[in-house]
Amino acid sequence: MENLQLIIPELFISIMIMFLLIFGVFKKNSSQLVYNLTTVSLVAALALIINLDAQIQSSLFNNSYNIDSLARFMKILLILSGIFVMLSSSKYIQISKISKIEYPILILCSILGMMVMISSNDLIVFYMGLELQSLALYVLASFNRDNLLSTESGLKYFVLSALSSGLLLYGCSLIYGFSETTNFNQIMVNTKEIEYGLTFGIVFILVGLAFKISAVPFHMWAPDVYQGSPTSVTVFFALLPKIAALTVFIRFLYIPFYELGDQWQMIIIFLSIASMVFGAVAAIGQKNLKRLIAYSSISHMGYALAGLSTGTTQGVQNSIIYITIYLVMNLAFFSCLFMLKRNDEYYENIDDLSGLSKNHPLLSLSLLVVLFSLAGIPPLAGFFAKFYIFVAVINEKMYFLAIVGLLATVIAAFYYLRIIKIIYFDPEKEKFESKHNLGLKFTLVASTFFILAYFIYPSGIVDIISQININ
Amino acid sequence: MNFPILSSLILLPTIGALFIFFVRSSNSQYQSSKYVALFITLANFFLSLYLWIVFDKSIVDFQFVEEREWISGFVNYKVGVDGISILFILLTTFITPICVITVNATIKNRLKDFLIAILILETFMIGVFCSLDLVVFYLFFEAGLIPMFLIIGIWGGERRVYSAFKFFLYTLLGSVLMLVAIISIYWITGTTDVIKLYELGIDSKYQNLLWLAFFSSFAVKTPMWPVHTWLPDAHVEAPTAGSVLLAAILLKMAGYGFIRFSLGLFPDASLYFVPLVYTLSLIAIIYTSLVALMQEDMKKLIAYSSVAHMGFVTLGIFTMTQQGIEGSIFQMISHGLVSAALFLCVGVVYDRLHTRLINRYGGLVSIMPKYAIVFMVFTLGALGLPGTSGFIGEFLVLMGAFKKNILVATIASLGVILGAAYMLWLYKRIIFGKLINEDVKKMVDLKRFEIVTLWLLVLPIIFFGFYPEPLINSIEVSVANMIDMNDLDKINKLALGD
């Protein structure tokens, strides 16, 4: 008999999905209630996960579902981000008239899919989780169906994502063909010898994953989808799928393909360098904040991949630290975006920020902190994130990667500075509304405080993450 | 004595900034936040003065060392001072209150934000001079960019955006390579603790590359010749207080870095790259002096003269003689005082006429006699007349240079002459000559707060010009020790000889 207690959080979320669906259908005008219940059930799921034994290391269902410290930490991160996304975007979906009962339920579905991805230890389980999250995301991207951009982004995401899923599946079948198993641990045992088909399988899988994480050259969907989707979905896109995809990256590279490091290391380094440089350069010309943050997140994924490319436990841990800090920074950035509201209309162009500091000093200060942190300027959290990555990279004597990465931060600094310039140095425009709901304010204050005060006690997160063992 | 005096020095301005930030104020209360800032910076000055008094000048070791675990198992927060760094801390805490006093005339809008920026900047500047860990040093060194970027960008002149970007990106580009070097040092030696690194030494096969990485950062910040172009722009556009801080303290971070890290950690590489530094320094001295001669904008002229003076500093440091290094440090302190004063002087006339073009002035002596006197003292200080602090610095540097290389010293001496030329010519064109412009005639002489700030700077310039002993005293032991340590290293290696 399997120990089902270990997957109580997943079970709980599945039950909540079904319950809320029925509840929403039968009770009229319950969209806000369903939304709030979703948030509450996420909090409950978080409590359930935290309640699990931190040191647990076990697997279920014929060793195809892993419950270990990595899964536990990433799920906590995932659900925490989910809660904050829900808190910060509740007002937005009401005002942009997308407050329907399906919205929170789809979010729950995709979170469930991500949790399955995070824990998967088997090609098939992994693929199931991936599709569950992707299908929910396709709908979410085009949720504002009366908006042309939103529809376009949903379609674009669907077509490209389906293509990449196809590649990924083909990679999985190749791997299965050459290793006679779908279990990650068994693949590692069975693939001691390198064969061409196997290499192809690895490449296909990495391409599929690179697409999900929007690494260059598989990033084309990201700017359009980020810009076209409703902002509440964009923030979801910017945070949660990255956590899941990065975890899957870690699992693939460090369990089934660990012995084949020579085969994938160059690929990851290439993805990393291309993302860092391209993300930094392409963001310079952007006028839309959401599009800009899409390029910025491409560039940030490059740094996270740089940590993975080292092939060491330290590299992986530092990538996890990186993604954690990245999440907080993006959350803070999007909270600021949610505050740019005037007469029930949201503003998302860089020019709309002009002279913001005169009318909204506190909001501008938060943006200042977030942007300098994204640029990686000490003593803010973003600097430490990059610092840890480069510590791991330089330890492996990969100086080229380190120097390219750091030079890319200088290029990236330019466009972050440009926003700061517009906020602080340019003439002021009309005021935005200054009344916001509590959840949004709390999200912004908490994330900004984290970024600002991180340097006082940087060991906290490092200590937690250094407990995570990969293999 | 367990009171963490250095940490208090670092933290006090930030606490002040937080206080100003959280106390909500309407326009009428701007004055009160100014007094808070003044009080905090003065308290910091007296605290550092106390530090200097109790500091034992005869001991080689770092004093008032505080160490605390920070990033566990990796980096410790470690601060401490020796005879060299304590002078820079003193300079910082001395200049900052003067900047706070000047905000009255120069800053018209968002005074509160300006004071916060200055206070935060003071924290970072003091942090740079007393950190004894490479990562902590880098943190403070880079963090200073944020407030300075805002000071130039928000309160600057017409081309402020361009200048602020140029300042930020140049400095950042230089510094990222230093970060690679710092992490490499950690993996080579297992520590980033400066004191331990002094003891361990770094294998000479790594030194050259590491030295270059540090050099790229410090050369931009100093600034040395081909990468100096951000400085004139930044100076011209920054508000007076910003220019003062930039010239007096931010530039000195690099000179300090050269002594503390380039010489201290990579002695072999420093020796190897001496010709490079000599060349760049000489070009800086001669070329920028010539450029300064041709300037029509007062602030630009002083900015180029700063580059030339910093050329003397780098030259002196890399003579690696007792006199040369002492001279460099003295020159840095002196230039900190003189250039701060000159920028304040420019600020005084700029506030009245709103132009910095030299040919718009002339004949000020007859309407602003008090101004003419202090400006003369600073001009003479800048050109290094005996009896001002500028003389001692340049003289010691040249002495050190003559010991090592007569040709270099001769060329550098030419720079002194050029320095006299552009400074005296500037003085002549502004102060003497005929009073032609109508609006110049309406200018009023120094106000009370201007007299106070300017005379506060006149006193140390003349005092240290006649009696440099207190400064030399405090750096002598540390410099001697640094030279000893590095020479010993070399002798050891020669003895092992293979």
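These exercises with worked solutions cover a predicted model with chains A and B.

**Exercise 1. Chain A as a whole**

Task: State which secondary structure elements chain A has, and work out how its radius of gyration fits the globule rule.

Solution:
- Begin with the elements. Chain A has 19 helices and four strands.
- Take the radius of gyration next. The value for chain A is 21 Å.
- Set this against the rule. For 471 residues the globule rule gives 23 Å.
- Conclude. The two values are close, so chain A is as compact as a globular protein of that length.
- Add the dimensions. The C-alpha trace of chain A spans about 65 × 60 × 40 Å along its principal axes.

**Exercise 2. Inside and surface of chain A**

Task: Find what share of chain A is buried, what its surface is made of and how its charges are placed.

Solution:
- Apply the cut-off: buried means under 20% relative accessible area. By that test, 65% of the 471 residues of chain A are buried.
- Turn to the surface. About 16,700 Å² of chain A is accessible. Carbon and sulfur atoms hold 65% of that area.
- Count the charges. There are 27 positive and 26 negative side chains in chain A. The centres of these two sets are 11 Å apart.
- Check the contacts. Consider pairs in chain A at least 6 apart in sequence. Of these contacts, 80% join residues at least 24 apart.

**Exercise 3. Helix α15 of chain A**

Task: Decide whether the length of α15(A) fits expectation, and whether the helix is largely enclosed or not.

Solution:
- Locate the helix. α15(A) covers residues 361-375, which is 15 residues.
- Compare the spans. From first C-alpha to last, α15(A) reaches 21 Å. The expected value, at 1.5 Å a residue, is also 21 Å.
- Judge the burial. In α15(A), 12 of the 15 residues are buried, so the rest of the structure largely encloses this helix.
- Name some of them. The buried residues include L363(A), L367(A), V370(A), F372(A) and A375(A). Serines are also among them: S364(A), S366(A) and S373(A).
- Look just past the end. There, G376(A) takes a positive phi of about 80 degrees.

**Exercise 4. Chain B by the same steps**

Task: Describe chain B by its elements, its radius of gyration, its burial and its charges.

Solution:
- List the elements. Chain B has 22 helices and two strands.
- Test the globule rule. A compact globule of 498 residues would have a radius of gyration near 23 Å, and the 22 Å of chain B agrees.
- Give the dimensions. The C-alpha trace of chain B spans about 75 × 55 × 40 Å along its principal axes.
- State the burial. In chain B, 65% of the 498 residues are buried.
- Describe the surface. The accessible area of chain B is about 17,600 Å², with 66% on carbon and sulfur atoms.
- Finish with charge. Chain B has 33 positive and 32 negative side chains, with 12 Å between the centres of the two sets.

**Exercise 5. Two single residues**

Task: Classify S33(B) and L80(A) as buried, partly exposed or exposed.

Solution:
- Place S33(B). This serine sits in helix α2 of chain B, residues 30-54.
- Classify S33(B). Its relative accessibility is 6%, so S33(B) counts as buried.
- Find its partners. Leaving out residues up to four places away in sequence, S33(B) touches I20(B), K112(B) and L115(B).
- Place L80(A). This leucine is in helix α3 of chain A, residues 69-95.
- Classify L80(A). With a relative accessible area of 33%, L80(A) is partly exposed.
- Add a distance. A45(A) is 35 residues from L80(A) along the chain, and their C-alpha atoms are 9.9 Å apart.

Note on methods. Residues are numbered from 1 along each chain as its sequence is written. Chains are lettered from A and ligands numbered from 1 in the order in which they are written. This is a predicted model: local features need pLDDT of at least 70, side-chain atom pairs count only at pLDDT 80 or more; totals for chains, interfaces and linings use all residues. Side-chain values use heavy atoms; hydrogens and water are left out. The radius of gyration is taken over C-alpha atoms; the globule rule is 2.2 Å times the number of residues to the power 0.38. Buried means under 20% relative accessible area, exposed over 50%, partly exposed in between (1.4 Å probe, protein chains only). Contact means heavy atoms within 4.5 Å. Accessible areas come from the Shrake-Rupley method with a 1.4 Å probe; for residues, only the protein chains shown count as cover. Lys and Arg count as positive and Asp and Glu as negative; His and the chain ends are not counted. The place of a charge is taken as NZ of Lys, CZ of Arg, CG of Asp or CD of Glu. The expected span of a helix is 1.5 Å times one less than its number of residues.
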